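Visitor: I've never looked at this one before. Could you walk me through it, question by question?

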Amino acid sequence: MSGRFVRASKYRHVYGQPTKKEQCYENVRVSNNAWDSNLIKVNPLYLSVNWNASGGGAFAVIPLSERGKIPDQIPLFRGHTAAVLDTDWNPFDDHVIASGSEDSKVGIWKVPENYSVLREQGDSITDVQPAAKLSGHTRKVGHVQFHPVANNVLASSSGDYTVKFWDIEAGKAKTTLKHNDMVVSMSFNYIGSLIATTSRDKKIRIWDPRSEKVVVEGPGHAGAKNQRVVWMGEHDRIATTGFSRMSDRQVGIWDTTDIKKGPIGDFYMLDSSAGICMPFYDAGTKCLYLAGKGDGNIRYFEYDNDELFPLSEYKSAEPQRGLAFMPKRGISVHDNEVVRAYKTVHDSLIEPIQFIVPRRAENFQADIYPDCPSGEPAISAAEWFDGKDAAPKLINLESVYDGVEPIVVDGTIPRSAPVQEVAQPVPPAAIEPVKQESKPTPAPAATYTAPEKDLDKILSTPKVDDMLTKASEADDAPVPAALAKEESSWEAEDADKPVVETVKPELKEAIPEAAPESAPESTQPAATISADEPVTEPAAEPAPKPTGAGALVARKLETLHNHFTDVKETLDSYEQRFAEMIAFNAKELDARDTRIGFLEQEIEKLKGLLIGKNAETVEETTVEVNGKKEDGLEANDEAVAEAADETAEPAADN
C-alpha cells in the first residue's frame, strides 16, 4: 500500500504503558517447568502464579491491591502431589479458581475471606487446601478452562489425549472428546456451544462438546512446535499461531465452517524467532494481541473483513515467559484503557502493562467501550449439558465509569450461521426441460478482458469482480468531464491505425444469387462477378467509444494491468542481472583459488631454497682451532683427531 494512504482506525494510536517497578509485583518465584502454558492468570481481584515450590505442586494467589515486594514466605495453594501446570479463574466467581497438575488431578479452590500475602511479624502461615479434586484423567492435566456462559462447567485437557467437560457441582465429567494426540491448546466460541482444539498431530478441530463429535477438522501449521488457538469473539473465525516447515512464526485466520480450505488469505509471517506465540483476542475492540515466549515485544493487530491490519507494537528489553490479560470488566475506564496485560520478567517480577487509546476528552468514550461480558452466568451447568445455549450477559461500562451499580442486560446470540456436520448431498429429482420461446439476447455490458497472464490471478479477487459488476450495472451513469477526457493506451493505438481494404482471393466460377424455393424460375441472367476484379469491402465504421462507468473502469484496469506488466519485466531484468553477477562472482572465486594454489607452490619452493642456503652457510662457517682459523667441518674433524692423540699418549706411557 502506498505510504500516502493510512487506514482509518480508532485504535491506530493505541500504545502500551509499562508500570513503575515499585508498583509491580516483586520477589515472585515463577515455576521453571517446561510445559507450554501461560504460567499466570488474572481477574479483577487476584493474580495466580504457577509457583516454583518443593514438596509437591503449588501455586500462589496474590491480591492485586498488594503491590511491591512480596514476603519470602507466603501462603500457597497446596494439594497436588506434582507440579501445577495451568490455572484458570471462574468468570462468575472471582474467588474460585481451578488448577491442572502432573498428578492427573483437577483441583477446585476457594480463596479465603480477607486473604492476604502480607503478614505481621510472628503471624503463622497457613497454606490453602483444595475445596474439591476431580479425578478421571490417567495422565497429566495440561490445561483448564472455564465455560464462558454456563456456570460451574470446566474443560480440561490431558496427556491421555482427551478433553473432559466437568460439572463441578456434581463433581464428575459429563462428556469426553478423544483425540489422536496430546491437546496443546483449546478455546470456546462466544456462546460456548463449540470448542476449538489443536494437538500435536498438527490438526485443528472444531468439536460439539455435548455430542462428543468432530464438526470440522483440517491440517493446521506445518511446523513441529506447538500451535495455539483462540476464538475471535462473536465471529465464526479462529486465530492460530504456529510455525512453518522452515520454523518461521505464523498467524492464520480460519473459517470454522471449513478448516480444510486453509487459512483465509494464507498465513501471515511474523519472524523467525523460536518462542511459541501466545494469542489473545479482545472482542470489544476486535484486536488480536500476540506475545512470543522469550520476546520483549507484544504485537497487536485489528481484525476487519477477514484481514489483520497491524496497529503497533509494545517493545521492551525484558523478555516474558508468561502473560495474562485482565477481563474487560476489570480495566480502568477513566484512563481510556482498552486492555491490560500482566507479564513475567526474569521469573521474579510481574509487570502490569496498560494499553491506552489517547483521547483529549475527559468524558466516557462510548465508541471504544461496547458492552462487555458481566460476572453473571446466563445458564446453569445442567441446562447447558441438556443442550440449551445462551449468549453471555453483558454490562454497560458507562455505569462503571459513573461509579454506579453496573447494569446487566441479556446478550444476543450471533447471527452467523451455525457450524453443522457436513452431510452427503442428495441428488435432485430429474426435471423435464420446459420449452421457452427464444428471446433476443441483450447487448453485453462494456467489460474489460485482459490477456491471460499470471497477473490475472492477482486481479481475480472478489473485490475486483464486485466492482466490475457494479460498474456494468451502472454503465449509463454520468462520468465527470475530467475523467471522461482520459484515454488509455489501446484507444490511442486504435485511433492511429489506418483503414486497410481487404482483398478476397480470385473466384474461379461465377456465384449465382440464391433464390427462394417457392419463387418461380427467373428468366433474367444471374449477376456475375468477374474473377479478375478484386472485391473490396467498405471499411467498417469504428465502434462508438463507450462513455459509461463500466468503460471508465475498464480503461483504469487496462492502465493498471500495463503498469504491473512493466514492473514484472523490470523485476525479470533485475533477476537476470543478479544471476549474471552470481556467475561472475563464482568465476572470480575459482580464479582466486587457482592463484592461492600457485602461491602455495611458490612458498614451498622458497622454503626449499632457504633450507639449502642454511646448509651451505653452516659448511662455510670458520672456527679457530689452536690459533688457526679453519672451516667449520674441517676444523671439527682435526679437533677430534688431536683430542684422540692426546688421550692415547698418556696411556702408552703408563
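**A walk through the chain**

Guide: Let's start with Arg 29, which sits in the loop between strand E2 (25-26) and strand E3 (40-42). Keep in mind that this is a predicted model.

Visitor: Is Arg 29 buried, partly exposed or exposed?

Guide: Buried means under 20% relative accessible area, and exposed means over 50%. Arg 29 has a relative accessible area of 33%, so the label is partly exposed.

Visitor: Which residue has a backbone oxygen that the side chain of Arg 29 reaches?

Guide: Leaving out residues up to four places away in sequence, Arg 29 touches Asn 50, Trp 51, Asn 52, Asp 72 and Asp 347. The backbone oxygen in question is 3.3 Å from the side chain of Arg 29, and the residue is Asp 72.

Visitor: How far from Arg 29 is His 346, C-alpha to C-alpha?

Guide: Along the chain, Arg 29 and His 346 are 317 residues apart. In space, their C-alpha atoms are separated by 9.4 Å.

Visitor: Let's zoom out. What share of the residues in the chain is buried?

Guide: The secondary structure comes to 8 helices and 35 strands. The chain has 654 residues, and the buried share of them is 39%.

Visitor: Among contacts with a separation of 6 or more, what part comes from residues 24 or more positions apart?

Guide: Take the contacts in the chain with a separation of 6 or more. Residues 24 or more positions apart account for 54%.

Visitor: Which residues have the most contacts inside the largest nonpolar core?

Guide: That core has 60 residues. Its largest share, 5 residues, comes from strand E5 (residues 58-63). Apart from it lies another core of 17 residues, among them Ala 150, Ala 155, Val 163 and Phe 188. Back in the largest core, the residues with the most contacts inside it are Tyr 289 and Phe 355.

Visitor: Now Ser 156. Which side chain does the side chain of Ser 156 make a polar contact with?

Guide: Ser 156 belongs to strand E13 (residues 153-158) and counts as buried, at 0% relative accessibility. Its contacts beyond four places in sequence include Val 106, His 137, Val 163 and Met 186. The polar contact spans 2.7 Å, and the partner is Trp 166.

Visitor: And Gln 227: which residue's backbone nitrogen lies 3.1 Å from a polar atom of that side chain?

Guide: Gln 227 is in the loop between strand E19 (213-219) and strand E20 (228-231). With a relative accessible area of 3%, Gln 227 is buried. Its contacts beyond four places in sequence include Val 184, Thr 198, Gly 220 and Thr 241. The backbone nitrogen 3.1 Å away belongs to His 221.

Visitor: On to charges. Which residue forms a salt bridge with Lys 174?

Guide: The structure holds 25 salt bridges. In this one, the closest N and O atoms are 3.7 Å apart. Lys 174 is partly exposed at 38% relative accessibility, while its partner is buried at 7%. That partner is Asp 167.

Visitor: How many residues apart in sequence are the parts tied together by Arg 210 and Asp 389?

Guide: Their side chains meet in a salt bridge of 2.6 Å, N to O. Arg 210 lies in the loop between strand E18 (203-208) and E19, and Asp 389 in the loop between helix H1 (381-385) and strand E32 (393-395), so the pair ties together parts whose separation in sequence is 179 residues.

Visitor: Where in the chain is Arg 249, the salt-bridge partner of Asp 295?

Guide: The closest N and O atoms of Asp 295 and Arg 249 are 2.5 Å apart. Asp 295 is buried at 12% relative accessibility, and Arg 249 is buried at 1%. The pair links distant parts of the chain, 46 residues apart: Asp 295 is in the loop between strand E25 (287-292) and strand E26 (298-304), and Arg 249 is in strand E22 (residues 249-255).

Visitor: Last stop, the surface. Which helix holds Tyr 574?

Guide: Tyr 574 helps make a nonpolar surface patch of about 490 Å², along with Val 567, Leu 571, Phe 578 and Met 581. At a relative accessible area of 40%, Tyr 574 is partly exposed. Its helix, spanning residues 549-620, is H7.

Notes. Residues numbered from 1 in each chain as written. Predicted model: local features only at pLDDT ≥ 70, side-chain atom pairs only at ≥ 80, totals over all residues. Heavy atoms only, no water. Helix = DSSP H or I, 4+ residues; strand = E, 2+ residues; numbered from the N terminus. Buried < 20%, exposed > 50% of the residue type's maximum accessible area, 1.4 Å probe, protein only. Polar contact = N/O pair within 3.5 Å; in protein donor to acceptor, adjacent residues only side chain to side chain. Contact = heavy atoms within 4.5 Å. Patch = residues over 30% accessible without salt bridge, like charges linked within 9 Å, V, L, I, M, F, W, Y side chains within 5 Å. Areas by Shrake-Rupley, 256 points an atom, 1.4 Å probe, with all protein chains shown as cover. Salt bridge = Lys/Arg side-chain N within 4 Å of Asp/Glu carboxyl O. Core = buried A, V, L, I, M, F, W, Y, C linked by side-chain atoms within 4.5 Å.
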